[in-house]
Amino acid sequence: MMDRRQLLMGAGGLPLVASAAAATAQTTGKAAGQPLPSGVDLPEPPKKRLGWAVVGLGSYAINQVIPGFLQAEESRMTAFVSGNPTKAKDLADRYGVAKTYGYDDFDKIAADKDIDCVYIVLPVGLHAEYTIRALKAGKHVLCEKPMASTVEECEAMVAAAKAANRQLGVAYRVHFEPLNTEVKRRCKQGELGDLRYITGDAGFNADPQYPPMKWRLDKPLAGGGSMYDIGIYALNGTLMMADQMPDTVSAVYAYPKDDPRFKTVEGGLNWRMTFPSGLSAQGSSSYCYAGGSRIKVFGASAAINMDPASDYYDNRANLHRGWDPGTPVRAAPPYTQFAAQVDGFSQAARSNTPHRTPGEMGLRDIRLIQAMYRSADQGGVVVKV
Ligand code: NAD
């Protein structure tokens, strides 16, 4: 079936509306109006899209989240929330966003009918507080990863969503990225045979002077170290492809112990998981190695290597059937994962049905990482989960 974009585009990529008008103009010699083609699934008009408040206007919000909204088809930004009124006003003017709030008057969003959903893009240590305040204000909440600092905070967030009868999602964007969803589909449909082994790595070399890195190296605001911030992509991606839960985890810390960057959070963690099916997985997270993200899924008959697996753009995957050099896995990029993610959450909010990556998934991952920390604290013992 053709989607909206394909319907709007005629042969050779010419928009149908434009090419029909051009044809009429040619025959009559005059420009002439044409009716809207029937059967075209147009994006929601701006007023019908769900309204979103973006909370925290830092690096990720400015560079990825806000541009993502500009491509969205079911979501629009209606408020910015920041501790810096000048920045909030500047950005609101730039993007035509009508309202701004501070952290102190944040609870006033309860009376704001133009806000349906709230996107929490704050340091991790603040996720639970602002998520719960937004849920209590009657809004649906998409919270950035990792969900929160502790298992108890995550549980309180899930409970608050239930009590408010609102949706809570964790922003695991690759679940809305076409290449990742295509690899997941192939794993699930058995194209690789029974899954036997998955490796997942994600890390970068942390610059302590880079402002967004400062809170990431401070446990009260970060919750944890490299595993919380970046390793969670490899863990969550591994479980996305595995589509099953592990029964044991183990881990060891892996970073220079005298590195002054890592006084309160770990600089690296190497982990393992086993699954009742016989599948096993292992991976790493690091604030000490050059940037990269990759996942390789080995099945009994084929393997898929994703490298990079969870970048913002241009993720790649190759399918290998044995020793061959591999063939690329292709997936159409309809629009960015950032736009697809907010539109996916708007759909969940509109129907009040669970988002593809619900709060329970964020809670699951924090439980597993905490079990990895328990293992690493005891030198790598196997912990049942
Ligand atoms: P950042 O430091 O650039 O932005 C954080 C924002 O929170 C800033 O605007 C800052 O002013 C505000 N803030 C409010 N109270 C603060 C406090 N007490 N200390 C520090 N900042 C405070 O960080 P970021 O990289 O934009 O990360 C924000 C969130 O987005 C985090 O949860 C992070 O994990 C997540 N993130 C997700 C992705 C992804 O790919 N999904 C990528 C980057 C960041």
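This section describes the surroundings of the ligand and then the backbone features of three loops in a predicted model.

In the predicted model, the ligand sits in the largest pocket, where 21 residues surround the ligand, the closest of them being Ser 59, Lys 145, Arg 173, Trp 215 and Tyr 233. By residue class, the shell around the ligand divides into twelve nonpolar, three polar and six charged residues. Both domains take part in this shell, since at least three residues are drawn from domain 1, which spans 46–173, and at least three from domain 2, which is made up of 175–332 together with 358–384. Among the elements of secondary structure, those that give two or more residues to the shell are α3 (59–71), α8 (211–216) and α10 (226–242), and the largest share, three residues, comes from α8.

Several contacts between polar atoms of the ligand and the protein can be described individually. An oxygen atom of the ligand lies 2.7 Å from a polar backbone atom of Ser 59, whereas the contact with Tyr 233 involves a polar side-chain atom, placed 2.6 Å from an oxygen atom of the ligand. A nitrogen atom of the ligand, in turn, is found 3.0 Å from an N or O atom in the side chain of Glu 144. Taken alone, the ligand exposes 830 Å², and the protein buries 79% of that area.

The backbone shows a number of features that deserve separate mention, given that most peptide bonds are trans and most residues other than glycine have a negative phi. The peptide bond that leads from Lys 145 to Pro 146 is cis, with omega near -20°, and Pro 146 belongs to the loop between β5 (140–143) and α6 (151–164). Lys 145 is also listed among the closest residues around the ligand. A further cis peptide bond joins Asp 307 to Pro 308, in this case with omega near 0°, and Pro 308 is located in the loop between β12 (303–306) and β13 (317–320). In Asp 243, a residue other than glycine, phi takes a positive value near 55°. The position of Asp 243 is in the loop that runs between α10 and β8 (248–253), and α10 is itself one of the elements that contribute two or more residues to the shell around the ligand.

Definitions and conventions
Residues numbered from 1 in each chain as written. Predicted model: local features only at pLDDT ≥ 70, side-chain atom pairs only at ≥ 80, totals over all residues. Heavy atoms only, no water. Near = heavy atom within 4 Å. Polar contact = N/O pair within 3.5 Å; in protein donor to acceptor, adjacent residues only side chain to side chain. Areas by Shrake-Rupley, 256 points an atom, 1.4 Å probe, with all protein chains shown as cover. 1 Å grid on protein atoms, 1.4 Å probe; cavity = no way out; pocket = protein on both sides within 12 Å on 5 of 7 lines; lining within 4 Å. Sits in = over half its atoms within 2 Å of the grid points. Helix = DSSP H or I, 4+ residues; strand = E, 2+ residues; numbered from the N terminus. Nonpolar A, V, L, I, M, F, W, Y, C, P; charged D, E, K, R; others polar. Domains from an automatic or database assignment.
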